[in-house]
Amino acid sequence: MSRVQYFLTPLLCVACGGIGSAGELWEPTEAEIKQAEAGRTHLTFREAEVEPYELPPLLKRADGTVVETADEWQARRAELLTLFEEHVYGRLPGPPEEMSFELLSEDMSAVDGKATRRKYRIDCQSGGRTFDFEFHLVIPNGVDPKKVDSAVPVFLLISHRSFKEVGRKKPIDDVLWPVDLLIERGYGTAIFVENQLSPDNRTAFDSGLVELHPQSDPRPADGWGGLAAWGWGASRVLDCFEEIDEVDASKVAVLGHSRGGKSALWAGARDDRFGLVISNNSGCGGAALSRRRFGETIAVILREDRFPYWFAPKFQDYKDREAGLPIDQHMLLALVAPRPLYVASATEDLWADPKGEYQALAHASKVYELHGHDGLDPERPLRVSDPIQTDRLGHHLRPGKHDLSRKDWTHYIDFADHLWPKP
Ligand code: GTR
């Protein structure tokens, strides 16, 4: 019997302007399509306009042999990691030669006295060069690291908002990083700001990781871009978690929204210590299949005035040439297997291609099946507010806009509860 579970909850259907039932089939409305198309009529936001394409075969190795077992997958995984390094995200340096971290401040009365918030600085040293960045960690009060099994799982957010901005209430009374919710549900949570690893602007590569590992200017074809550098930071925070008694470093979820989601996926693909990888509305260069050319395309994301610095220069070769890419994003997701993986989309976020995000996940699930876990059907039509949880895979399509909302977090926490039941 399949272990796939579908959760049905009543919802206020914002898109249809009234109360709808959760689980209804998703079809973008004409108004949503028109809104996405505004000023971008050269791009595709209609399913009927997606041209036929063929995905590169996930399980076929470079020598033509087909992977049939979980053991054989390891060699294919190594091949795919190299392809993503060379063609998409760039090659990263390993961990620093020396690293230490220091507690800078501690507030034991965070979240109305329910949690302790700490600020740390990570100091890295390699080849006589130094570099540091900060992270914040919030842990429920009362965690006794001396007690067996009491260390908490942690959600690590790669943020493209500053530490101050991220906790600020938005007009819809929501926050990007709902610390109170995470603490109430028994989780720790941490955050670092990607700008400190590599500035998120077009004049990038003048501070951050580049201080430790200088890159030539212009970068080599496989020089790392911002997404990879931010993910490198996530791995360093995880190094610290291994030393912090209150954190269960075997249960760390790395996640990010949008560009942070792209970065979280690449970090989680490379570093198999992450116990759960979550992509929130990551779209092009993240969870969405490039070959669908739906919404944002490679050519658009790499435009001079957009985000070429997020990727390796080699990725430029595939502008309007997706068929030439030796990989597609289902292969990125498969690199996480057999570890738990969650991909989430929003109904009005056509720019990020919700269907392409789901289909990439479903295609990647072949590798989960190879490991004896449940898979997903790429042809399954998407339903609104109908989260899927298999034993290792999660997915939901939230009504509303491109955002990381409290509702998204609630689904992630539910999934983590099911992966890591409390003692
Ligand atoms: C958009 C970009 C997306 C997404 C987003 C974000 O402008 O086109 O790929 O990453 O920014 O990160 O906010």
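The following paragraphs lead from the overall fold of this predicted model to the surroundings of its ligand. Residues are numbered from 1 along each chain as its sequence is written, and side-chain values use heavy atoms, with hydrogens and water left out. Because the model is predicted, local features need pLDDT of at least 70 and side-chain atom pairs count only at pLDDT 80 or more, whereas totals for chains, interfaces and linings use all residues.

The protein has twelve helices and 13 strands, taken as DSSP runs (H or I of at least four residues for helices, E of at least two for strands). Its C-alpha trace spans about 55 × 55 × 45 Å along the principal axes. Of the 423 residues, 57% are buried, meaning under 20% relative accessible area with a 1.4 Å probe and protein chains only. Among contacts (heavy atoms within 4.5 Å) between residues at least 6 apart in sequence, 70% join residues at least 24 apart.

Turning to the ligand, the residues that surround it (a heavy atom within 4 Å) are His 160, Ser 258, Arg 259, Lys 262, Glu 296, Ile 301, Arg 306, Phe 307, Trp 310 and Trp 351. By class, this shell holds four nonpolar, two polar and four charged residues. Polar side-chain atoms approach oxygen atoms of the ligand at 2.8 Å from Ser 258, at 2.6 Å from Arg 259 and at 2.9 Å from Arg 306. Taken alone, the ligand exposes 310 Å², of which the protein buries 84%, with accessible areas computed by the Shrake-Rupley method using a 1.4 Å probe.

Conventions: A polar contact is a pair of N or O atoms within 3.5 Å; within protein, one must be able to donate a hydrogen and the other to accept it, and residues adjacent in sequence count only if both atoms are side-chain atoms. Ala, Val, Leu, Ile, Met, Phe, Trp, Tyr, Cys and Pro count as nonpolar, Asp, Glu, Lys and Arg as charged, and the others, Gly among them, as polar. Buried means under 20% relative accessible area, exposed over 50%, partly exposed in between (1.4 Å probe, protein chains only).
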